[in-house]
Structure formats: structure tokens, C-alpha cells
Amino acid sequence: MTDQPKSGDKHQLLLKRLGVTIDAGTLRLALTHRSYAYENGGIPTNERLEFLGDSILGFSVTDALYRDNPLLPEGELAKRRSAVVSTRALAGIARSLGVGEFIYLGQGERLTHGKNKSSILADTMEALIGATYLSNDIFTARDLVMRLVGPLLSDASALGAGTDWKTNIQEISAGENLGTVQYVVEGAGPDHARTFTASLLIGGTQWGTGSGHSKKEAEQEAAADAWKALEARNGAAAESSVVSSPAGDA
């Protein structure tokens with residue numbers, strides 16, 4: 001298993017990126033995916049830490065949203081929280097930190113590029129939050145959460161205020177009578193390392209593209225790309241309308 005992460009100095013690199021201290025045993029546990037545990041005699045996995053970290057993440061984000069947005073209704077707060085704690089958001093944070101290279105994976109997951117799968121990355125981030133709490137205290141864990149998701153909190157509306165991009169696109173398309181939404185997906189590569197690319201067409205016009213290690217992930221990326229394009233178009237149209245209004249109308 002020469003491609004598995006090594007302890008010691010490499011773990012210190014991850015801790016430096018996170019900006020926290022976690023004892024060696026707890027850190028290794030946080031990085032142990034169930035596929036690795038199964039292949040190594042059923043050792044403990046990071047799933048309990050993931051459960052703990054998920055609760056800390058949810059509370060920390062909820063508290064910050066509540067305090068920083070006193071005028072937002074409950075429904076909008078819930079949407080923003082959903083966007084920030086989503087698998088997509090957490091996986092993005094994990095990729096920015098290079099967490100994938102440190103995860104202990106079984107052979108099957110290694111062959112299918114598990115270190116870059118959004119679900120595995122997001123679960124590991126939650127486990128690392130839980131491990132930070134156990135090795136320190138709730139204040140340190142909450143500080144880690146805010147450093148990780150702080151930029152997303154201030155830009156929650158730009159995330160689409162939700163996690164289901166495909167649903168958002170369907171709603172926009174129906175509301176603006178843009179036409180039928182269609183995804184064209186193509187796969188490439190061997191079965192054990194297959195990647196997919198998706199193009200999103202609305203009324204026959206391409207609005208977004210995306211890629212991923214599954215059709216679902218590629219389609220969600222394409223929908224997110226299309227959502228941004230549609231928002232930019234609508235913003236430009238609104239600005240053009242204001243500029244072209246006759247001065248005498250005022």
C-alpha cells in the first residue's frame with residue numbers, strides 16, 4: 001500500500017493547513033474511511049467522528065447566520081445553511097486544503113479515485129471537525145468551522161441559496177418559459193477511473209457545463225454553471241433596462 005498517506009510529517013502538514021492540533025490517534029481515525037477499515041480487519045472508521053462533526057458544523061453555521069442576519073426569515077436562513085453545509089460546499093473546502101491525499105482508503109476506492117469523490121471528502125471534513133473538538137474544545141472546533149466556511153457564509157446567496165442546482169434550474173426555466181431542460185452526458189476513461197462531462201441545454205441552447213466522477217455530479221456542476229450564467233444574464237438585462245429608460249420618465 002505504497003500510495004497510502006504516511007503518518008508523522010505528512011499529518012503535520014495537514015494540521016498546519018487546518019490551523020489546529022489533533023492528537024495522532026484521533027487524527028488517524030478521522031482520516032480512516034470505512035473501505036480501508038474493512039480491508040484491515042474491521043478497525044474503527046471515521047463515521048462516529050463524522051456524526052459528531054456534522055452536529056458541530058450545523059450548530060456553528062446556524063448560530064452565525066442567526067446573529068449576522070437579524071432581518072432574514074427562518075426559511076431563508078435554512079436555505080443559506082443548507083448551501084453552506086452541503087456536500088458540494090464541504091468537498092470544495094476539502095479540495096482547497098488537499099485533504100484527499102491524506103485519507104486512508106481501501107483498494108477499490110483508490111482505484112476509482114475516491115480521494116476526489118465529493119461524498120468522501122465532505123464526510124472527512126466533518127470527521128476532522130469532530131476530531132478537533134475531541135482533541136481541544138468546542139471553541140476551537142467552532143473557530144475551525146468559521147475559518148473554513150466563513151467565506152461561504154458571506155456569499156451564501158451566490159451559492160444559489162440551496163444545494164439542489166438542478167431543481168433551481170428547473171424552476172428558473174419554468175418561471176421564465178425558457179424551454180425544455182436537457183442534460184447531455186458523456187463518459188470517458190476505463191471503468192475503474194471513469195469521468196463524466198455534462199452540458200446543460202435549455203430550449204436547445206447550451207447554458208452550462210460540468211464534470212465529475214459520476215453522472216449526477218457532472219449534471220449538478222453543469223446546473224451550477226448554468227445558474228450563474230442565467231443570473232449574470234438577468235442582471236445585465238436589468239441594468240440595460242435602467243440605462244435605456246427615457247430621462248423624461250423620471
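Of the 250 residues of the protein chain, 39% count as buried. The model is a predicted one. Start with the whole chain on display and a surface switched on: about 13,300 Å² is exposed, and carbon and sulfur atoms supply 53% of that area.

**Whole chain**

Switch to a cartoon and colour by secondary structure. The protein chain has eleven helices and three strands. Going along the sequence, the elements run α-α-α-α-α-α-α-α-α-α-β-β-β-α. If you draw a contact map, look at the pairs with a separation of 6 or more: residues 24 or more positions apart account for 58% of those contacts.

**The sheet**

Select residues 181-188, 195-202 and 205-212, which are β1, β2 and β3. The three strands make an open sheet, ordered β1-β2-β3, with antiparallel pairing. β1 and β3 stand at the edges with a single partner strand each, so one side of each has no neighbour in the sheet. On average, neighbouring strands of this sheet are turned by 20° against each other, direction ignored.

Now keep β2 and β3 alone. Their antiparallel pairing runs over seven bridges. To see a pair of bridge partners, pick Leu-201 and then Gln-206 in β3. Next bring back α10, which packs on the sheet and touches β1 and β2. The direction of α10 makes about 145° with that of β1.

**From α10 to α11**

Stay on α10, residues 165-175, and show the side chain of Lys-166 together with that of Glu-219. The two meet in a salt bridge, with N to O at 2.6 Å. This pair links distant parts of the chain, as Glu-219 is in helix α11 and Lys-166 in helix α10, 53 residues apart. How accessible are the two partners? Glu-219 is buried, at a relative accessible area of 16%, while Lys-166 is partly exposed at 26%.

Follow α11, residues 215-244, to Glu-217. Glu-217 forms a salt bridge with Arg-95, and the closest N and O atoms are 3.6 Å apart. Arg-95 belongs to helix α6 (residues 87-97), and 122 residues separate the pair. Glu-217 is buried, with 19% relative accessible area; Arg-95 counts as partly exposed at 34%. The 19% of Glu-217 falls under the 20% limit for a buried residue, and the 34% of Arg-95 does not, so the two partners are classed apart.

**A salt bridge within one helix**

Select helix α4, residues 47-68, and show Asp-63 and Arg-67. Their side chains meet in a salt bridge of 2.8 Å, N to O. Because they are four residues apart in this helix, about one helical turn separates Asp-63 from Arg-67. Asp-63 is buried at 17% relative accessible area, whereas Arg-67 is exposed at 61%. Add Arg-142 to the selection: Asp-63, Arg-67 and Arg-142 are linked in a network of salt bridges. For the chain as a whole, the count comes to nine salt bridges.

**A buried threonine in α8**

Move to helix α8, residues 118-135, and centre on Thr-124. Is Thr-124 buried or exposed? Thr-124 is buried, with a relative accessible area of 1%. Which residues is Thr-124 in contact with, leaving aside its neighbours within four places in sequence? They are Ala-30, Leu-31, Asn-46, Val-99 and Ile-103. Turn on a distance label for Thr-124 and Ile-103: the C-alpha atoms are 7.8 Å apart in space, with a separation of 21 residues in sequence.

**A nonpolar patch**

Finish on the surface again. Select Tyr-133, Leu-134, Ile-138 and Phe-139, which form a nonpolar patch with about 400 Å² of accessible area together. Helices α8 and α9 (138-153) each supply at least two residues of this patch. For a last selection, take Phe-139, found in helix α9. Phe-139 counts as exposed, at 65% relative accessibility.

Key
Residues are numbered from 1 along each chain as its sequence is written. This is a predicted model: local features need pLDDT of at least 70, side-chain atom pairs count only at pLDDT 80 or more; totals for chains, interfaces and linings use all residues. Side-chain values use heavy atoms; hydrogens and water are left out. A salt bridge is a side-chain nitrogen of Lys or Arg within 4 Å of a carboxyl oxygen of Asp or Glu. Buried means under 20% relative accessible area, exposed over 50%, partly exposed in between (1.4 Å probe, protein chains only). Contact means heavy atoms within 4.5 Å. Patches are made of residues with over 30% relative accessible area and no salt bridge: like charges are joined within 9 Å, nonpolar side chains (Val, Leu, Ile, Met, Phe, Trp, Tyr) within 5 Å. Accessible areas come from the Shrake-Rupley method with a 1.4 Å probe; for residues, only the protein chains shown count as cover. Two strands pair if DSSP finds at least two bridges between them. Axes are lines fitted to C-alpha atoms, for helices over the stretch in contact, and angles run from 0 to 180 degrees between N-to-C directions.
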